[in-house]
Protein chains: 6
Amino acid sequence: MGVVVQNVERADRGVIERLAACGVATVHEAQGRKGLLAAYMRPIFPGARVAASAVTISAPPGDNWMVHVAIEQLQDGDILVLAPTSPCEDGYFGDLLATSALARGCKGLIIDAGVRDVADLTEMKFPVWSKAVSAQGTVKETLGSVNVPVVCAGAYIEAGDVIVADDDGVCVVKRSEAEAVVQKAEARVAAEEEKRTRLAAGELGLDIYGMRERLKEKGLKYV
Amino acid sequence: MGVVVQNVERADRGVIERLAACGVATVHEAQGRKGLLAAYMRPIFPGARVAASAVTISAPPGDNWMVHVAIEQLQDGDILVLAPTSPCEDGYFGDLLATSALARGCKGLIIDAGVRDVADLTEMKFPVWSKAVSAQGTVKETLGSVNVPVVCAGAYIEAGDVIVADDDGVCVVKRSEAEAVVQKAEARVAAEEEKRTRLAAGELGLDIYGMRERLKEKGLKYV
Amino acid sequence: MGVVVQNVERADRGVIERLAACGVATVHEAQGRKGLLAAYMRPIFPGARVAASAVTISAPPGDNWMVHVAIEQLQDGDILVLAPTSPCEDGYFGDLLATSALARGCKGLIIDAGVRDVADLTEMKFPVWSKAVSAQGTVKETLGSVNVPVVCAGAYIEAGDVIVADDDGVCVVKRSEAEAVVQKAEARVAAEEEKRTRLAAGELGLDIYGMRERLKEKGLKYV
Amino acid sequence: MGVVVQNVERADRGVIERLAACGVATVHEAQGRKGLLAAYMRPIFPGARVAASAVTISAPPGDNWMVHVAIEQLQDGDILVLAPTSPCEDGYFGDLLATSALARGCKGLIIDAGVRDVADLTEMKFPVWSKAVSAQGTVKETLGSVNVPVVCAGAYIEAGDVIVADDDGVCVVKRSEAEAVVQKAEARVAAEEEKRTRLAAGELGLDIYGMRERLKEKGLKYV
Amino acid sequence: MGVVVQNVERADRGVIERLAACGVATVHEAQGRKGLLAAYMRPIFPGARVAASAVTISAPPGDNWMVHVAIEQLQDGDILVLAPTSPCEDGYFGDLLATSALARGCKGLIIDAGVRDVADLTEMKFPVWSKAVSAQGTVKETLGSVNVPVVCAGAYIEAGDVIVADDDGVCVVKRSEAEAVVQKAEARVAAEEEKRTRLAAGELGLDIYGMRERLKEKGLKYV
Amino acid sequence: MGVVVQNVERADRGVIERLAACGVATVHEAQGRKGLLAAYMRPIFPGARVAASAVTISAPPGDNWMVHVAIEQLQDGDILVLAPTSPCEDGYFGDLLATSALARGCKGLIIDAGVRDVADLTEMKFPVWSKAVSAQGTVKETLGSVNVPVVCAGAYIEAGDVIVADDDGVCVVKRSEAEAVVQKAEARVAAEEEKRTRLAAGELGLDIYGMRERLKEKGLKYV
């Protein structure tokens, strides 16, 4: 506790943008179904889709002091990722902090806790994926850390990892794997396009994916 | 496990449409307050209102193989109803499956588990009532069954039963009772119309429903 | 049980309107972080912001008889506040009751239970903050009380207290403290305006709030 | 609502006793992994193991009137199974009802709601599997039904079905399948005995079950 | 925040002991089914039964500083009642604090949060009813208050109120009502004794309570 | 997915035993309040206290194939740690697997899912900390991995890390930090012993820890 790591490597900007375009579900599949945050992490408004580099915050329950510290560490294209050290749904973050974060080029907030001023944040189009919405404020009394590894909503995240988030949820891609993952993800997008056309035309997945034989082997009975 | 029932009787198409017009709350009252699915079943977007014949799916946790099998069983005017064999919030269903289901005339999905690609499904106006939204994918390794009776979100549903769903939740009407229920439901709708006018004019429910005497008998005290 | 308190003092109308303008998060801070209802109380549609005088209802689980009784006690500018005597998510309230409440000048409903007909309520712009949405109806068999003190979603509320509610949640302000609270809340709003400008210009909270020294004293290390 | 079914067929007494001896986990496997109640159904004290014929109760939330009606329907060797018509954790049942049920030969209670007087019930060795323990009492105002089919903790149960319950939870066996299930269950018990001996001696499941080849085929890598 | 109320009136010692003898379920009934804490408040070991005067603590999330302050306010026969100002399951209390509290004559702890060292507390026979068990420690940085009114697990509690707790849960009796409540509670205990004997002899509640006629009036049908 | 790491370094045996003696709450404090698993991880029977080296399992939902693979990797003094790849409460583990694990010297199981045969496991004194008890069985169809890093109940765990578990919950100590942590933990135990004596004698924490002045500075008021 009480450490701020300042020099954090980020992934390539172009790679990050391509990950955003693929979306969470595709990226998650592409990296072998790992890195997904818990399904209780929901966007405060629909339609946002971002990818950005994580600036991580480990914060005590009900204490948002470290958010102020973290904002100074933000670079353009980053996203804040806050994990409380024990479960908490207080509103750590509101429109003033969002104003400050936006001024540093921040792309949004992932928080395994609560957020407030959501009407303002929505108007500002500042995307947040959170566990809760709560007007309950926080104090500034106890140190936490910035840019240390955290477990956020069940996923292990290191500073500089890529966060991909949309209406389906939030996924983390390791910085070192971002390039490989985006290639697989884009390949999936391309492959799905053709399937979509065939399915829309009424062809069945049973036939497109050749499932009938294996289903029969496993013993599926039609009655 | 491992059974697909193929010949399922559906309710009368006209009856189904009239049930949709009545809405979930009214239909549920009309059939004596039974058949409601758990309140955690929420629509992925507001405003949808459907009634359709259930094609049921009993699926293992984290395995959506049977969805492909079920889609072949769909007829125009059906709705998919998926119950996992143990609680699971994985994303069993996304935009490719929706494309395929839509091509068969499917009216939507009721799933006591998770769904993904919700931005796409919203754009496609494919309505889903689910327990969760989750990008977590599933495998295709273990058999389940199609069109067998299931318990979905606390309600017992047989293939061919009528599902009514709107912003208030989801309700099942037994196929054999659909005609009787729709008549009672429409009678309620008519009766409510008159009450709405009187209440809007400032008359009190206490008087319209004649409650004052019974409240007094029970001992209600005004102080 | 079985008591209706009829003469309830309300707070000053002007004070109530000024509280609404401040919003829940600010009001909650201004009164020393007390009075917030649990974060599970969510609006049925986004964007509503109200302040109103509480008409409280203590109701048995699954029984909405007392809502009818409470509506008679409503004055223009009031809001209904319902707490069940044991946890319950049934749909106590729907569009007919809302029609009746609106006819009496009611500003909305706070309910630590379920609500139904939410599509209609949304169309009517009748705001509700609830624990759940549920089509499950209720009976009218057992007495409760109206305008007695209740604990609703974890907050102690007396009839005539001011309820402030918006997208961040719901907060109660004691009637006797409303005037003092609104003054502090408006002072906060004014103070935040200046900070917002400075933060938007890129100044850091660390500097504006003079945090650097205290962080250093506490032992924060930059590495 | 408001129906008491009086003539309910039970399964063979000997079969029921043999099911009890097998235990929940084995019986559940033996019938193809169906019929398990939700895992939140927990015993109020450890060590109980029963099998008995279900006398079902469908009860309104917070109303235990039908329990009194059901007790009259009990035969020696029965078990009460209560499902509320909407979720409720009130204490429907306590030591007086247990005294009455015991006098009729009742083997216990399965309740998807709350129970109270648990210290007394434990002393009486009256086993209960419940969703909650709660001192919150109930009223006697609204009818329910007895011996109608219910969905209890996610499982569909008909009067006369066999309930098997132990520290692992609760499982229902259809009356018509009880004999077939007990035979499969006993076969499993016998088969497990031999495996237990080999495993205790240090042999590996990988070898006993011949898993190594299939794991290799699927691509498992040892590094 | 930041207030310690020192002179708190307690209820009569004899009355408190008589309330303990009646138990939670009976006391709760006797006072008209009010004052029960939420059912998630569970004892850390079975069999404890206490009644004592509340010394209340309002504490910030994850901060147990005020527990030390409260212990100085304890008198022989008191019980600590802790409510966090926002939901928290951290372990606020362990064996050292229990040692200190016991030395002041404390009868136990009611905590709408977490507790730790439960093996030691069990050995010391120091009863605790809590929302959670958690080894997660707390800090001592932010003030709370002692002996102010709190909402604890959904119940409104003032310092000096009587807490009754056993395996069924926790109930609060207002200090001013304790004497009246204990009389009603003891009357219930006496009345139940006679019913227990009749029920044990096989008489039915339907007859003892004369329910048959009213059930018939309501329309109950035997088929 | 599909990897078994075979050569895992363990911590020093003596250090592990000393960690067990300190207990979870003390170890967690000693390492700066990190590494605690979520509070929902509860022991299946009270009184167990272990420390052991983690053999980790990443398993698909409802599939326990990898448990068999992991058992071959066990060394005397190890503990199994299972994290499902998406939330699941099925019973992955029962008495046969425990028999096999015990034959390899296994000290217990930490499982962020369900366990069954708990009566047998209790009799065998095989300690388990789990999220749930469930008789719901699992399949053996899909690969997972063994001895890869996992996030289990919110904590990041690598194979060979030391798991400490008792009635307060479960904590992980990094292998590389085990020696340093045990020294701090033992120092805490020693320091607490002296405080316990003073507290038992009636001295107050307020005085022992010298809190009075700082409380006064912060503004605590006695009234």
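1. **Asn147 in chain C.** Let's start with one residue in this predicted model. Asn147(C) has a relative accessibility of 6% and therefore counts as buried, since the cut-off for that word is under 20%. To find Asn147(C), look in the loop between strand S7 (145–146) and strand S8 (150–152) of chain C. Its backbone deserves a glance too: the phi angle of Asn147(C) is near 65°, a positive value in a residue that is not glycine.

2. **Asn147 in chain A.** Now turn to chain A. Where does Asn147(A) lie? Asn147(A) belongs to the loop that runs between strand S7 (145–146) and strand S8 (150–152) of chain A. Phi of Asn147(A) is near 65°, again positive in a residue other than glycine. With 6% relative accessibility, Asn147(A) counts as buried.

3. **Chain A as a whole.** Stepping back, chain A contains eight helices and 12 strands. Its C-alpha trace spans about 65 × 40 × 35 Å along the principal axes. Of the 223 residues in chain A, 62% are buried. The contacts tell you about the fold as well: take those in chain A between residues at least 6 apart in sequence, and 76% of them join residues at least 24 apart.

4. **An enclosed helix in chain C.** Is helix H3 (residues 65–73) of chain C enclosed or open? Eight of its nine residues are buried, so H3(C) is largely enclosed by the rest of the structure. The buried residues of H3(C) are Trp65(C), Met66(C), Val67(C), His68(C), Val69(C), Ala70(C), Ile71(C) and Gln73(C). A reminder helps when you read such a list: an α-helix has 3.6 residues a turn, so residues three or four places apart point the same way.

5. **A covered strand in chain E.** Strand S6 (residues 128–133) of chain E is mostly covered, with five of its six residues buried. Which strands pair with S6(E), and in which direction? Strand S2 (residues 42–43) of chain E runs antiparallel to S6(E), and two bridges join them. In that pairing, Pro43(E) stands opposite Trp129(E) of S6(E). Strand S5 (residues 109–115) of chain E, by contrast, runs parallel to S6(E), and five bridges join this pair. Here Ile111(E) has Ser130(E) in S6(E) as its bridge partner.

6. **Two helices packing in chain F.** In chain F, helix H1 (residues 13–22) packs against helix H6 (residues 178–200) at an angle of about 35°, and their axes are 9 Å apart. The crossing of H1(F) and H6(F) is left-handed. Residues Val15(F), Arg18(F), Leu19(F) and Cys22(F) are the ones in H1(F) that meet H6(F). On the side of H6(F), the residues met include Ala178(F), Val182(F), Ala185(F) and Val189(F). Sorted by class, this contact of H1(F) with H6(F) has eight nonpolar, one polar and three charged residues.

7. **The corresponding helices in chain D.** Try tracing helix H1 (residues 13–22) and helix H6 (residues 178–200) of chain D: their axes come within 9 Å and cross at roughly 35°. H1(D) passes H6(D) in a left-handed crossing. Val15(D), Arg18(D), Leu19(D) and Cys22(D) of H1(D) meet residues of H6(D), among them Glu179(D), Val181(D), Gln183(D) and Glu186(D). The contact of H1(D) with H6(D) divides into eight nonpolar, one polar and three charged residues.

8. **How the copies are related.** Two copies of a chain are related by a rotation about an axis and a shift along it. A turn of 120° with a shift of 0.0 Å along the axis lays chain A on chain B, at an RMSD of 0.0 Å. That is the relation of a three-fold axis. For chain B and chain D, the superposing rotation is 180° with 0.0 Å of shift along its axis, and the RMSD is 0.0 Å. That is the relation of a two-fold axis.

9. **Meeting or not meeting.** Which residue of chain B comes closest to the rotation axis it shares with chain D? Gly154(B) does, with its C-alpha at 2.6 Å. Of the interface residues of chain B, 86% are also interface residues in chain D, so the copies meet through the same surface. Some chains have no contact: none joins chain A and chain D, whose closest C-alpha atoms lie 14 Å apart. Chain B and chain E are likewise without a contact, and their closest C-alpha atoms lie 14 Å apart.

Terms used:
Residues are numbered from 1 along each chain as its sequence is written. Chains are lettered from A and ligands numbered from 1 in the order in which they are written. This is a predicted model: local features need pLDDT of at least 70, side-chain atom pairs count only at pLDDT 80 or more; totals for chains, interfaces and linings use all residues. Side-chain values use heavy atoms; hydrogens and water are left out. Contact means heavy atoms within 4.5 Å. Copies are superposed by least squares on the C-alpha atoms of residues with pLDDT of at least 70 in both. Axes are lines fitted to C-alpha atoms, for helices over the stretch in contact, and angles run from 0 to 180 degrees between N-to-C directions. Helices (H or I, at least four residues) and strands (E, at least two) are DSSP runs, numbered from the N terminus. A crossing is left-handed if the near helix is turned anticlockwise from the far one by less than a right angle, and right-handed if clockwise. Ala, Val, Leu, Ile, Met, Phe, Trp, Tyr, Cys and Pro count as nonpolar, Asp, Glu, Lys and Arg as charged, and the others, Gly among them, as polar. Buried means under 20% relative accessible area, exposed over 50%, partly exposed in between (1.4 Å probe, protein chains only). Two strands pair if DSSP finds at least two bridges between them.
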